[in-house]
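Biologist: I should like to go through the terms used for this structure and ask what stands behind each of them. Please set every value against its definition.

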Amino acid sequence: MSCAMRSLVEDDDRYLKSFQLFLERSSEHKCMQDFIHGILPDILASIGEGKANLNMMGVGSGAGEIDLEMFSQLHLKHPAVTVDNQVVEPSAQQLHLYKVLVSQKPNLDYIKFTWNKMTATEFEKHWKENHLTKKMDFIHMIQMLYYVKDPGATVTFYQTFMWWLHCGVLLLWEVIMCIMSVDESGWGKLWRTFRTQLCNTEISQCVTTGDIKAYLDSKTTSYQSYKLLSQMDITECFTEGDQRGELLLDFLTEVLDFSATAPPELKRGVLDLLMTSDCSKEVDGRVIFNNTLEVLVVDPLQ
């Protein structure tokens, strides 16, 4: 990334504004909800079988909407099970919104929430320094492996939660679930084309499920994958000076004030690429970006 450009994650307010607009303009949460209601119940049924209490963790849980959707499905499958839930989230604003959501949602007394305002990397360091060994039954990482230095090592670290305290006996219904962009999405094409210009070298950022699957395959780690079709309306990105378009461009590129700080040739190249069929399609005069995701359900370390 050019020294004149800063990462969007450096400005929490701007990031959250662009993220909220992304959610409004995309079907991301809708496709995740479809997965949670259609496929996840069978996974949750297996991890809760025969247990009175489950230890769960959300790494990068955001404002908690998706977490609570998952808890709702879990409670339907196992109404008598209680849950200890570790929330790992670096944004104070998102963590506050999560707490507000919990306070407004009825019938959550079966869940004990532990709030950890820290990044995944900070949480890993905290866990190691304090020699904590609590086993987890289910860990989910939704759209967060872009923000760590080594996503493969991060997945491996959190896998260790699945076997601590089991004396080497693996219970295969304990899983990690990752949700990320796929190689063939518009994100994948954008990152492959402009990786050196856009990507923050301090974090992985330009990573897709293709990279994670290659890592898991190299470790002979078993996993299941599920594609989630999603799209996003990015039409305003092509109107110079449109505030919503500039927010969306920030989110797409992960660059703070991309329109104002990117070199003209980079900005032109990004906009030209976003218009191509590799990234988007035109529907009724609107430019619709391919936001397809993939869920990886990763088994514990063997």
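Modeller: A disulfide is taken to be a pair of cysteine sulfur atoms within 2.5 Å. Please bear in mind that this is a predicted model.

Biologist: How do you know that C279 forms no such bond?

Modeller: The closest cysteine sulfur to that of C279 belongs to C237 and lies 11 Å away. The cut-off is 2.5 Å, so the sulfur of C237 is too far for a bond. Seen from C237, the closest cysteine sulfur is that of C279, again at 11 Å and too far for a bond. The count under this rule is zero disulfides.

Biologist: Why are C237 and C279 called buried?

Modeller: Buried means under 20% relative accessible area. C237 has a relative accessibility of 5%, and therefore counts as buried. C279 has 1%, and therefore counts as buried as well.

Biologist: What can be said of C31, and why does it count as buried?

Modeller: C31 belongs to helix α2, residues 28-38. Its relative accessibility is 6%, which is why C31 counts as buried. Not counting residues up to four places away in sequence, C31 touches L228, L229, S230 and L293. C31 and E65 are separated by 34 residues in sequence and by 13 Å in space, C-alpha to C-alpha.

Biologist: Why is T221 called buried, and where is its place?

Modeller: T221 has a relative accessibility of 10%, and against the limit of under 20% T221 therefore counts as buried. Its place is the loop between α9 (209-218) and β7 (223-228). Leaving aside neighbours within four places in sequence, the contacts of T221 are Q159, L216, V298 and D299.

Biologist: What makes M136 a buried residue?

Modeller: The relative accessible area of M136 is 0%, so M136 is buried. This residue is found in the loop between α6 (120-129) and β5 (138-142). M136 and N85 are 51 residues apart in sequence, with 9.4 Å between their C-alpha atoms in space.

Biologist: What makes β5 a mostly covered strand, and which way do its residues point?

Modeller: Five of the five residues of β5 are buried. F138, H140 and I142 point one way, I139 and M141 point the other way, and all are buried. In a regular strand the side chains alternate between the two faces of the sheet.

Biologist: How do you know that β2 and β5 pair?

Modeller: Pairing requires at least two bridges between the strands. Strand β2 (residues 53-59) and β5 share four bridges, in the parallel sense. Within this pair, M56 stands opposite F138 in β5.

Biologist: Which strands are called edge strands in the sheet of β8, β11 and β10, and what makes them so?

Modeller: The sheet is open, has three strands in the order β8-β11-β10, and is paired antiparallel. β8 (231-233) and β10 (280-283) are the edge strands, as each pairs on one side only. From one strand to the next, the twist averages 30 degrees. Between β10 and β11 (residues 286-290) there are four bridges in the antiparallel sense, with E282 opposite V287 in β11.

Biologist: Why is α8 called roughly antiparallel to α12?

Modeller: Helix α8 (residues 186-198) and helix α12 (residues 264-275) pack at about 170 degrees, and their axes are 11 Å apart. Angles over 145 degrees count as roughly antiparallel, so α8 is roughly antiparallel to α12. In this contact K189, L190, T193, F194, Q197 and L198 of α8 meet L266, G269, V270 and L273 of α12. By class, these are six nonpolar, three polar and one charged residues.

Biologist: What makes α1 roughly perpendicular to α10?

Modeller: The axes of α1 (residues 12-25) and α10 (residues 243-253) cross at roughly 100 degrees and come within 9 Å. The range for roughly perpendicular is 65 to 115 degrees, and therefore α1 is roughly perpendicular to α10. Residues making the contact include R14, Y15 and F19 of α1 and R244, E246 and L247 of α10. The residues of this contact divide into seven nonpolar, one polar and six charged.

Technical notes. Residues numbered from 1 in each chain as written. Predicted model: local features only at pLDDT ≥ 70, side-chain atom pairs only at ≥ 80, totals over all residues. Heavy atoms only, no water. Helix = DSSP H or I, 4+ residues; strand = E, 2+ residues; numbered from the N terminus. Buried < 20%, exposed > 50% of the residue type's maximum accessible area, 1.4 Å probe, protein only. Axes fitted to C-alpha atoms, helices over the stretch in contact; angles between N-to-C directions. Parallel < 35°, antiparallel > 145°, perpendicular 65-115°, else oblique. Contact = heavy atoms within 4.5 Å. Nonpolar A, V, L, I, M, F, W, Y, C, P; charged D, E, K, R; others polar.
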